[in-house]
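Take the model from one sheet outward to the whole chain. Keep the 3D view open and follow each step in it.

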Amino acid sequence: MKNYKLNSSNLSHISESVSIPQYNRSKLKTGIVHVGIGGFHRAHEAFYTDQLLHDESVTDWGICGIALLDFDAKIYNTLKEQDGLYTLIVKELDGTHTPQVIGSIVEYLFAPEAPLKVIEKMASADVKIITLTITEGGYNYNEATKDFDFDNPLIQHDLKHPNKPKTIFGYLTQALKLRKDRGLKGCTIQSCDNIQGNGHMSKRMLLSYVSIAAPDLVAWIESHVSFPNAMVDRITPATSKADIINLRETTGVEDAWPVVCEPFKQWVIEDNFIEGRPAWETVGAQFVSNVEPYEKMKLSLLNAGHSVLGILGALLGYDTIDEAVNNPNVRSFLNHYMDVEVSPVLGDLEGIDLNDYKQSLLERFGNINIKDQIDRICSESSAKIPIFILPTVNAQLAENGPVKLAAFVIAAWAIYSLGKDEQGHTLNIKDAMASLLSEKATAAIENPKAFLEIESVFGKLKNDSNFVVAYTQAYKNIIDQGVEKCVIAINYN
Ligand code: CS2
């Protein structure tokens, strides 16, 4: 088999071994600007959109992918060399791989190199939707103040240099200002991040910033921009070297950065698009009037489940989520956490069978082909735990309900933050708050409660005696006996 570099001119050769976009990419208008072109976007929104573009009457919804951070240079360069094309490899449950070339990203920009081009693109009359995957931490929300964090030096930079911004808030403000000044229409800003009420959060954070950066713009945004909430889902591990080699060896496609993902996908979107939208429902997305129950369910079961498996699994020395969930004691812990502490606070989930959902999560976590990295799951836990786990804890505490298992996970996280697993191997901690976490974790050796003092993560949780008692006991037990013995000994009644 001959190898071909993935790019537009090689598509016809590649089509013999892999499915390729069956539509004319050069005819597409860019109707969507997407910020954050990591694996998740390319396995999710860009995939749905690619499916939709196979209907050749759809020509308004090409995507311009924006790499926002310096760190994203590599992905930008890859997309540029490959004319925006990449391979999505679905890792099926039976172990087979289904590779497919995705063509919906038709333009790409590297913000640190071309900030004005990015602002112009976001302000373009053809663009109706700006979508975001900027991670949980990207919204610049401070849990302690429950507000926008103006102390962030990048935000201070953007206030001083509006035409050379570094954050999403600086970019959106300038682009919306141009739209207003030019008498153009507004647009939709659609978050695709794992945050409860992600549309509300985007709106609130953006308006906080605009109220200082460009106060005259606030009212215009309120009447010209919509912020739909959405629940997004598809497990997308980091691509490994083996994935790149395997793709080349089995198909001849040389793709510098393919994306791998599970077969499952879900996108539940609030139908609130002020300037129109693609008919994503024709390719499997669901449009509903209220996304909240779906978001809550996904964040507090799937994402929290991931964090539970990731943190306990890391201490146990595992590398991947399937290893953790396939340990029967850890699995049983997760099952009890979901049933006893999470399910009761989810409220009414009309039309959803919660038991089926939880069962399907265990299957997805257990997919041994996915090999989702525990490192990926535990990265940025300081931004994830407040969204995935603490709302459940707070809801339970408000009702005097059970929090023992969540407290166990937080205690395990405090021990994880010391940087070693139970065998003494170094853990690869990637977290914007890594140094504070490590400092508080060290203080916690003498006084476990010290870890809960990180208010921007835990809020006032340290003042709740029920939680503190359960947490402190769990901390001591894990130090004395290790995670496995503790989870075997836990009394779930
Ligand atoms: C994960 C998510 O980052 C995490 O901790 O839980 O990336 C998860 O895989 C996705 O939200 C799945 O939709």
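How many bridges join β12 to strand β15, and in which sense do the two run? The model is a predicted one, and in it 4 bridges link β12 with β15, residues 266-270. The two strands run antiparallel. One pair to pick out is D233, whose bridge partner in β15 is Q266.

Now widen the view to the sheet that holds this pair. It is an open sheet of 3 strands in the order β12-β15-β16, and its pairing is mixed. The edges belong to β12 (230-233) and β16 (286-288). Each of these has a single partner strand, so one side of each lacks a neighbour in the sheet. With direction ignored, neighbouring strands here are turned by 20 degrees against each other on average.

D233 leads on to the ligand. D233 is one of the residues around the ligand. The others in the list are N194, R234, I235, N303, H306, I377 and K384. What classes make up this shell? It has 3 charged, 3 polar and 2 nonpolar residues.

A second open sheet deserves a look. It too has its own strand order: β5-β4-β14, 3 strands with mixed pairing. Here β5 (97-102) and β14 (259-261) stand at the edges. Each has a single partner strand, so one side of each is left without a neighbour in the sheet. The twist from one strand to the next averages 25 degrees.

Go into the pairing of β4 and β5. Strand β4 covers residues 86-91, and 6 bridges pair it with β5 in the antiparallel sense. I89 has P99 of β5 as its bridge partner. T87 stands opposite V101, also in β5. Strands β4 and β5 form a hairpin with 5 residues between the strands. In this hairpin, G95 takes a positive phi near 95 degrees. As a general point, strands of a sheet pair through backbone hydrogen bonds, either parallel or antiparallel.

Which helix packs on the sheet of β5, β4 and β14? Helix α10, residues 241-251, does so, touching β4, β5 and β14. The direction of α10 makes about 95 degrees with that of β4.

Next come the record's domains. An unreviewed UniProt entry lists residues 31-281 as "domain: Mannitol dehydrogenase N-terminal". This span is 35% helix and 23% strand. The end C-alpha atoms of the span lie 17 Å apart. The entry also lists residues 290-478, as "domain: Mannitol dehydrogenase C-terminal". How much helix and strand does the chain have over residues 290-478? It is 65% helix and 0% strand there. The end C-alpha atoms of residues 290-478 are 41 Å apart.

Finally, step back to the whole chain. It has 22 helices and 16 strands. The radius of gyration of the chain is 23 Å, close to the 23 Å that the globule rule gives for 493 residues, so the chain is as compact as a globular protein of that length. Along the principal axes, the C-alpha atoms fill a box of roughly 65 × 60 × 45 Å.

Conventions: Residues are numbered from 1 along each chain as its sequence is written. This is a predicted model: local features need pLDDT of at least 70, side-chain atom pairs count only at pLDDT 80 or more; totals for chains, interfaces and linings use all residues. UniProt positions are given in the numbering used here, feature names are shortened, and annotations may be inferred rather than shown by experiment. Two strands pair if DSSP finds at least two bridges between them. Axes are lines fitted to C-alpha atoms, for helices over the stretch in contact, and angles run from 0 to 180 degrees between N-to-C directions. Two residues are in contact if their C-beta atoms, placed from the backbone, lie within 7 Å. A residue is near a molecule or strand if its C-beta atom, placed from the backbone, lies within 6 Å of it. Ala, Val, Leu, Ile, Met, Phe, Trp, Tyr, Cys and Pro count as nonpolar, Asp, Glu, Lys and Arg as charged, and the others, Gly among them, as polar. The radius of gyration is taken over C-alpha atoms; the globule rule is 2.2 Å times the number of residues to the power 0.38.
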